[in-house]
There are 2 protein chains.
Amino acid sequence: MISLDEAQSLIYQQLGSLPVERIGILEAYERVLAEGISAPLDLPPFHRSPLDGYALKGEDTRDAAPDKPCRLKLVEKIPAGYAPRREIVPGTAARIFTGAPIPSGANTVVRQEDVREEGDQVLIFQPVEPYSNFSRSGEDVLLGEPVLHQGQLLTPACIGMLAALGIVEVPVFQRPQVGIISTGDELVAPPQPLLPGKIYNSNVYTFAGLVTRSGGLPRIYPTVVDRVALQQEALLQALRENHLVITTGGVSVGEFDVVKESIEAIGGTLLFWRIAMKPGTPAMAAQVGDKLVIGLSGNPAAATITYYLLVHPAIESLAGRKEMGLTRVQARSEDVFTKTSGQRRFLRAKAYHRDGQLWVKLTGKQNPGVLKSMIYSNALIDLPPRHSLARGEMVDVLLLPF
Amino acid sequence: MISLDEAQSLIYQQLGSLPVERIGILEAYERVLAEGISAPLDLPPFHRSPLDGYALKGEDTRDAAPDKPCRLKLVEKIPAGYAPRREIVPGTAARIFTGAPIPSGANTVVRQEDVREEGDQVLIFQPVEPYSNFSRSGEDVLLGEPVLHQGQLLTPACIGMLAALGIVEVPVFQRPQVGIISTGDELVAPPQPLLPGKIYNSNVYTFAGLVTRSGGLPRIYPTVVDRVALQQEALLQALRENHLVITTGGVSVGEFDVVKESIEAIGGTLLFWRIAMKPGTPAMAAQVGDKLVIGLSGNPAAATITYYLLVHPAIESLAGRKEMGLTRVQARSEDVFTKTSGQRRFLRAKAYHRDGQLWVKLTGKQNPGVLKSMIYSNALIDLPPRHSLARGEMVDVLLLPF
């Protein structure tokens, strides 16, 4: 048995990166940037009026007062989207609208609410500071500035930034294709009739959603019974067709747990088998050629928890993300949990904020086969070996993404 | 001008719910359940062995001791997936594997590590408590128990639960189709050449990602210049083709801000125009027939922030979700912000956990046109009117989803 940290680092060491493809920014939401992006232009691209008003030289208004307004001759009107044609010289001003370029010679914009227009003149009643209401070109982003880095997950704001910079195509890493194989004579695909001793296969459905969430493309294979010859065949096919393969079930110590044997039979090299953690102890990983197989318990909650701890960061890493894995935070426990274990234990829990403090409470039964407590869970309490949980105690918590 | 709370409730009042469709559970990830689901069977469906071992009557082992083991006759072997054929009577036991049904008559399972097999007998060296290592049928979910409620967002664990219950098709609400129209003579679609006075349209790209994240299907329309006749036409088309329409730009007070006029020209009834908040003051909403148009500022950061506050919960509500809007928490400010305003202000910020405490720091310039600070933001500080921000102060924070 190895520690979870060792298991994670053995997996990471096997993971390469995927080829790069260029895609349109409208398809790039939630993809991972394969190269850093520097700004090809200033943002804004010109000195810009942040409001509707009058562009002028601030110096012209130095002596303006309510009873002695400064009068400037209006030389043009500049709506957003149009280039000014006239330079502002002393004694002149231009009508200007939000987003329009400030004309050359002007160094400030006075709000329309603060002035009066009279014929071809504008009257200003108080001094206006030069460079107030003046959005400089490049004030948001400077030409050449690195804006997005390699490994950045493209959020809506990132996509908007790319568009603002005139970039419509970006290099992203291919999405990892992930094969999902469930094993076990007891599994029946819903909605077939449930004969005695059988249960419905649920893990592949859970995993399809999880793989999508992690940034991968799930591919589900038919369930394989506990026979080495059949498992070998299924593994070989899934390894050919995917960047990573996950199996569930058949990794325990019983005589029908043949996933390990099947992997070894196709020439796989075991990276580890059994992790000192609960639930999910019988997890394993193996290298087959240049591909990785991660074998998880068939118990639904154990499978989901070990997915989050082993597979989720592996897919994120394959997808090219720089920050991987679950966010670790500290929270105060609302609950008591007295069943200690010699192994590190992960408890299904719900984290929530109250009065600037993060709290965490258990979501129900913690048996490895119980699914219901997983539905309400958005976090895992990470309990060290031989620790129980006291009410009000600060504990380590991993936040689940979904 | 109305308050943000009033604006939000005026919008909610207009929102109906969308038709229901039945889809396969593999397509149901991140969809919203239109009807509650009760369990059509017990989970597990039978008393189940949680480990590899021997099923027996606990009473038979009452006098077992290391030097005086209890001997039971093995009557069958039950792998997972198979129905037991023999009843366990006093003096007998069955070899059993993880997940297999516990045979009738047995009330406990002893771990294989704790016993010894000798010929057709198993030797037990200490008393075994009845109903230890015994997963009762229905211990996870009971037949008839309500498991998922109407309005539930279907996470991977929910999909797995549906499969475990043998359910492969679920009623979900249709995804809201959301039309996105940008307006403004200054906008150019990337990557066209940027003539003087023009900027690249970025809002529709940001919004396409945001609408997807909120659970809607974005549909982008070509940019419309600031002319009522053209805007009318674009609005009418978008209203015909979508459940909700968002516009950006053209909602301020300048003479080229004609979105409000265009909406009124097609018979729209204004719900509000101008909200007492910064950025994003000139937001508006109108009802046109049974559809809603929400008009947002063209400034990228203002547009994104008002999207999160007005449009995101509207789409979630249309999508049938019960819990809508951003999560509000309290956090400690790492930064100072002294520029007070008479209006409620939302500051772009990054929230992070440290020592069980949620902290928040500003992500950069807060001008409504600045996009860069939005990229690094995962939260908005909600600053009341006339409030500045002091270092170490507890503030209200809205967490952004992406």
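These notebook entries record what I looked up in a predicted model.

**Ground rules**

I noted that residues are numbered from 1 along each chain as its sequence is written, and that chains are lettered from A and ligands numbered from 1 in the order in which they are written. Since the model is predicted, local features need pLDDT of at least 70, side-chain atom pairs count only at pLDDT 80 or more, and totals for chains, interfaces and linings use all residues.

For the elements I kept to DSSP runs numbered from the N terminus, with helices (H or I) of at least four residues and strands (E) of at least two. I took two strands as paired if DSSP finds at least two bridges between them.

**Entry 1: the sheet with S14 and S16 at its edges**

I began with an open sheet of six strands in chain A, ordered S14-S11-S15-S19-S18-S16 with mixed pairing. Strand S14 (217-220) and strand S16 (269-273) of chain A stand at the edges with a single partner strand each, so one side of each has no neighbour in the sheet. From one strand to the next the twist averages 20°; angles here run from 0 to 180 degrees between N-to-C directions, and axes are lines fitted to C-alpha atoms, for helices over the stretch in contact.

I then followed the edge strand S16(A), which pairs with strand S18 (residues 284-288) of chain A in the antiparallel sense over four bridges. Opposite Leu270(A) I found Ala286(A) of S18(A).

Next I looked up helix H4 (residues 228-241) of chain A, which lies across S11, S14, S15, S18 and S19 of chain A. H4(A) runs at about 165° to S11(A). Contact here means that the C-beta atoms of two residues, placed from the backbone, lie within 7 Å.

**Entry 2: the sheet with S6 and S7 at its edges**

I recorded another open sheet of six strands in chain A, with mixed pairing and the order S6-S3-S5-S4-S8-S7. Its edge strands are strand S6 (108-111) and S7 of chain A, each of which pairs on one side only. On average, neighbouring strands of this sheet are turned by 35° against each other, direction ignored.

Strand S8 (residues 121-124) of chain A received a separate check. Strand S4 (residues 70-78) of chain A pairs with S8(A) in the antiparallel sense over four bridges, and Arg71(A) stands opposite Leu123(A). Strand S7 (residues 115-118) of chain A also runs antiparallel to S8(A), joined by four bridges, and there Glu118(A) stands opposite Gln121(A). The hairpin of S7(A) and S8(A) has two residues between the strands, and Gly119(A) takes a positive phi near 60°.

The side chains of S8(A) alternate: Val122(A) and Ile124(A) point to one face and are buried, while Gln121(A) and Leu123(A) point to the other and are not. I counted a residue as buried if 20 or more other C-beta atoms lie within 10 Å of its own, as exposed if 12 or fewer do, and as partly exposed in between, with C-beta atoms placed from the backbone.

**Entry 3: strand S21 of chain A**

Strand S21 (residues 344-354) of chain A pairs with strand S17 (residues 277-278) of chain A in the parallel sense over two bridges. I found Arg345(A) to be the bridge partner of Lys278(A). Five bridges join S21(A) to strand S23 (residues 379-383) of chain A, and these two run antiparallel; Leu347(A) has Ile381(A) as its bridge partner. Six bridges join S21(A) to strand S22 (residues 357-362) of chain A, again antiparallel, with Val360(A) as the partner of Ala351(A). In the hairpin of S21(A) and S22(A), Asp355(A) takes a positive phi near 55°.

**Entry 4: helix H2 of chain A**

I asked how many residues of helix H2 (residues 156-164) of chain A are buried. Nine of the nine are, so the helix is largely enclosed by the rest of the structure. Among them are Pro156(A), Cys158(A), Met161(A) and Ala164(A). Gly166(A), which follows H2(A), has a positive phi near 85°.

**Entry 5: where the chains meet**

I closed with the contact, which takes 77 residues from chain B and 77 residues from chain A. Elements giving two or more residues to the side of chain B include helix H2 (156-164), helix H3 (203-214) and strand S22 (357-362) of chain B.
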